Amino acid sequence: MVVALFLLLFLAHQDFWLWDDPSLVLGFIPVGLAYHALFSVACSVLWAFACFRAWPEHLELWANEKADATQIDQERPNA
Amino acid sequence: MTDLSLLASSGEIASRTPLTVLSLYLILLLGLGVISSRMFRGTSQDYFVASQSIGPFMLLMSVFGTTMTGFALVGSSGKAFSHGIGTYGLMASWSGLIHSAVFFVIGIKLWSFGKKHGYVTQIQFFRDRFDSHKLGYLLFPILVLLVIPYLLVGLISVMKVVQPITAGMFPDLFSLPDKMLPNGKSIPHPLSGGVPGWLSGLIVSCIVLFYVFFGGVRSAVWANTFQTLVFMVTGVIAFYMIADQLGGVAKAAEIVRENAPGKLVREGSIGYSHFFSYLLIPLSVGMFPHLFQHWLTAKNAKSFRLTVIAHPVCIAVVWLPCILIGIWAAGLYAAGDLRIPPLPDGSGPNANAALATMVGTLVENPLLSGLLMAGILAAIMSSLDSQFVCLGTMFTNDVLVAAAGKSRFDDQTLIFCSRAFIVFIVGVSYAMALFLQGSSVFSLGVWCFSGFAALFPLVFAAVYWKRASLGGAVGCILATVITWFYFFYQDIFLDAGSGSGEYLVAEVMPVTFIFLASASGMILGSLLSRAPSEETIRKFFPKRNQS
């Protein structure tokens, strides 16, 4: 679902139908600019959806396991 | 409306209040550096990754502040001045989609590797992942050389912003000769009496160095948070003030419609494939070494959520006003109501100065003018600090410690070496910025981002493709270096893009071909060389039940 929405937005970015449209939205924003401003908001909605539906919980659990953790100040081998 | 040139010619000294406000802001920033340094634990881990203690809000502010540099304010308004509204779609909306995707798909993974295996720099990760110590020595100079144009973007932006806003403040100290018009008449130089670029660049460099030296990346994160809030708020104020002076947003749009209607559309300035090919540029965030370091400062993976979600809207909050101000400047300029300082060679208006000229000319309240100048510099400095810290971190960890071993250095020595390298690079960048002041901030930024974006296959394959091997990594890096230099040479030295406004190859951005070469190098190099060891696979591709 997240991937499908991503691809949809990916395609929606290419708004060729507004390329030469100089009309103004709300009396001051060129329509081509207003469209992309809304696009930015849609991106935030997509990523909010992704964070709550497809969050990689397992990565944090794995990262916090201490078994083979190498501490930051441990000397690195000069391989 | 205040005419800067008239101020300069009349012998009147322009109000120095904006400069006083800016000075107070910079003093505040220094104070913040001192306060944040009290939290500094004195260890190299704290200096380099703030002991992985940064929560969601500060992570958002520091990551966002780091990615928004002079490019986002000075470059975007300048590009909109010359190319119109399409500038937003080229960078801002693509970045909203792609940046967050990279944070989600790459950033969290790299954070987990950093947490698990104790990495401080991305080179440490690549060395381990591709099981080659020498790979770090190949990658280090390339990353440093690519960060330098990024530093230049910041420093040149500072130079371009301060001088127009302070024009007329020091008519005796920083006077410039009158300009001769083609009709033989001479007019006062619009920048006369303004703080020159060499001085503003030097002061900003020293201030950023100061607070970075105090507390390393922790100071940078604190300063970024503060500065990001400042530039977002002041950007909105600038927008309101400028619109108000023009008679409202509708009147401002009308000025553009009447005098520069081409700026309201993309037809004639940006082609379909040109527009589409910009999607590759934001991939650069996957390879920015300073962003990698910021990712590692996160307290936990969940701290990324706010950054992933809010980043696109934050970009819109900054870019939308800048684009509108840029096209309004184009309308006023075309109507003959705004005098934009010329390029050094006199070939036309310097688009980089569009934002500063609008602020300097239209914001008549000197207090607000000073606040706006502080806001613009905040955006620039919030990137410079991260880049400074990152360069020092890379030098100490990827060169010194990697070559001689950690046991040869105590924490104090490491921090000293880091600071010395930072001073060296800043000195080089400052000198280069003085010579390149006339360069387009947008173009310089795009070339820098193109290089990092072309290296994206390296990090993507390292994280997701088990078969990605050392041969592939070397192939990817070499293909990037060769093709990047080839196209850069064509554009900058042979001026291949002159006339069309931007250098395109077969109607698309050169990054398209650099990226294809880089991805091909990764795939072919990996398939033709020995696969990674089982141990490496286990280390970086844990089975799900293992995770």
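Modeller: Let's start with one idea we'll need right away: two residues count as in contact when their C-beta atoms, placed from the backbone, lie within 7 Å. Keep in mind, too, that this is a predicted model.

Biologist: Okay, let me try that on Trp447(B). Leaving aside neighbours within four places in sequence, which residues is Trp447(B) in contact with?

Modeller: Once those neighbours are set aside, Trp447(B) is in contact with Pro149(B) and Phe488(B). You'll find Trp447(B) in helix H17 of chain B.

Biologist: Is Trp447(B) buried or exposed?

Modeller: The trick is to count C-beta atoms: 20 or more others within 10 Å make a residue buried. Trp447(B) has 23 of them within 10 Å, so Trp447(B) is buried. The rest of the helix goes along with that, since 14 of the 14 residues in H17(B) are buried.

Biologist: And how far does helix H17 of chain B reach from its first C-alpha to its last?

Modeller: Helix H17, residues 441–454 of chain B, reaches 20 Å, close to the 20 Å expected at 1.5 Å a residue.

Biologist: Let me try another residue. Where is Ala223(B)?

Modeller: Ala223(B) is in helix H9, residues 197–245 of chain B. With 28 other C-beta atoms within 10 Å, Ala223(B) is buried as well. Beyond the neighbours within four places, the contacts of Ala223(B) include Leu29(B), Gly33(B) and Asp385(B).

Biologist: How do I read distance in sequence against distance in space?

Modeller: Put the two numbers side by side. Ala223(B) and Gln52(B) are 171 residues apart in sequence and 17 Å apart in space, C-alpha to C-alpha. For Trp447(B) and Ser175(B), the values are 272 residues and 34 Å. You can also look at the whole chain: among contacts in chain B between residues at least 6 apart in sequence, 86% join residues at least 24 apart.

Biologist: What does the secondary structure of chain B come to?

Modeller: Chain B has 21 helices and two strands. Chain A has three helices and two strands, in the order α-β-β-α-α along the sequence.

Biologist: What share of each chain is buried?

Modeller: In chain B, buried residues make up 60% of the 547 residues. In chain A, they make up 24% of the 79 residues.

Biologist: How does the radius of gyration of chain B agree with a compact globule?

Modeller: You hold the value up against what a globule of that length would have. For 547 residues a compact globule would be near 24 Å, and chain B has 23 Å, which agrees. Along its principal axes, the C-alpha trace of chain B spans about 75 × 55 × 35 Å.

Biologist: How many residues are in the largest nonpolar core?

Modeller: That core has 198 residues, and Trp319(B), Trp328(B) and Leu458(B) are among those with the most contacts inside it. H13(B) brings the largest share, 19 residues. As for Trp328(B), its touching partners beyond four places in sequence include Ile242(B), Leu246(B) and Val256(B).

Biologist: How many residues does each chain bring to the contact between A and B?

Modeller: Chain B brings 55 residues and chain A brings 44 residues. On the chain B side, H6(B) gives the most, with 16 residues. By class, that side of chain B has 32 nonpolar, 14 polar and nine charged residues.

Biologist: What about backbone angles?

Modeller: Most residues other than glycine have a negative phi. Leu26(A) has a positive one, about 60 degrees, and sits in the loop between strand S1 and strand S2 of chain A. Leu26(A) is exposed, because just 9 other C-beta atoms are within 10 Å. Glu507(B) also has a positive phi, near 70 degrees; Glu507(B) lies in the loop between helix H19 and H20 of chain B.

Biologist: Where in chain B is confidence lowest?

Modeller: Helix H1, residues 4–10 of chain B, has the lowest confidence, at a mean of 42, and helix H20 the highest, at 96. Over residues 1–10 of chain B, pLDDT stays under 50. Where pLDDT is low, the predicted coordinates should not be read in detail. Overall, chain B averages a pLDDT of 85, and 92% of the residues score at least 70. The model scores ipTM 0.84 and pTM 0.85.

Methods. Residues numbered from 1 in each chain as written. Chains lettered and ligands numbered in written order. Predicted model: local features only at pLDDT ≥ 70, side-chain atom pairs only at ≥ 80, totals over all residues. Helix = DSSP H or I, 4+ residues; strand = E, 2+ residues; numbered from the N terminus. Nonpolar A, V, L, I, M, F, W, Y, C, P; charged D, E, K, R; others polar. Buried ≥ 20, exposed ≤ 12 C-beta atoms within 10 Å, placed from the backbone. pLDDT = per-residue confidence, 0-100. Expected span 1.5 Å × (residues − 1). Core = buried A, V, L, I, M, F, W, Y, C linked by C-beta atoms within 7 Å. Rg over C-alpha atoms; globule rule 2.2 N^0.38 Å.
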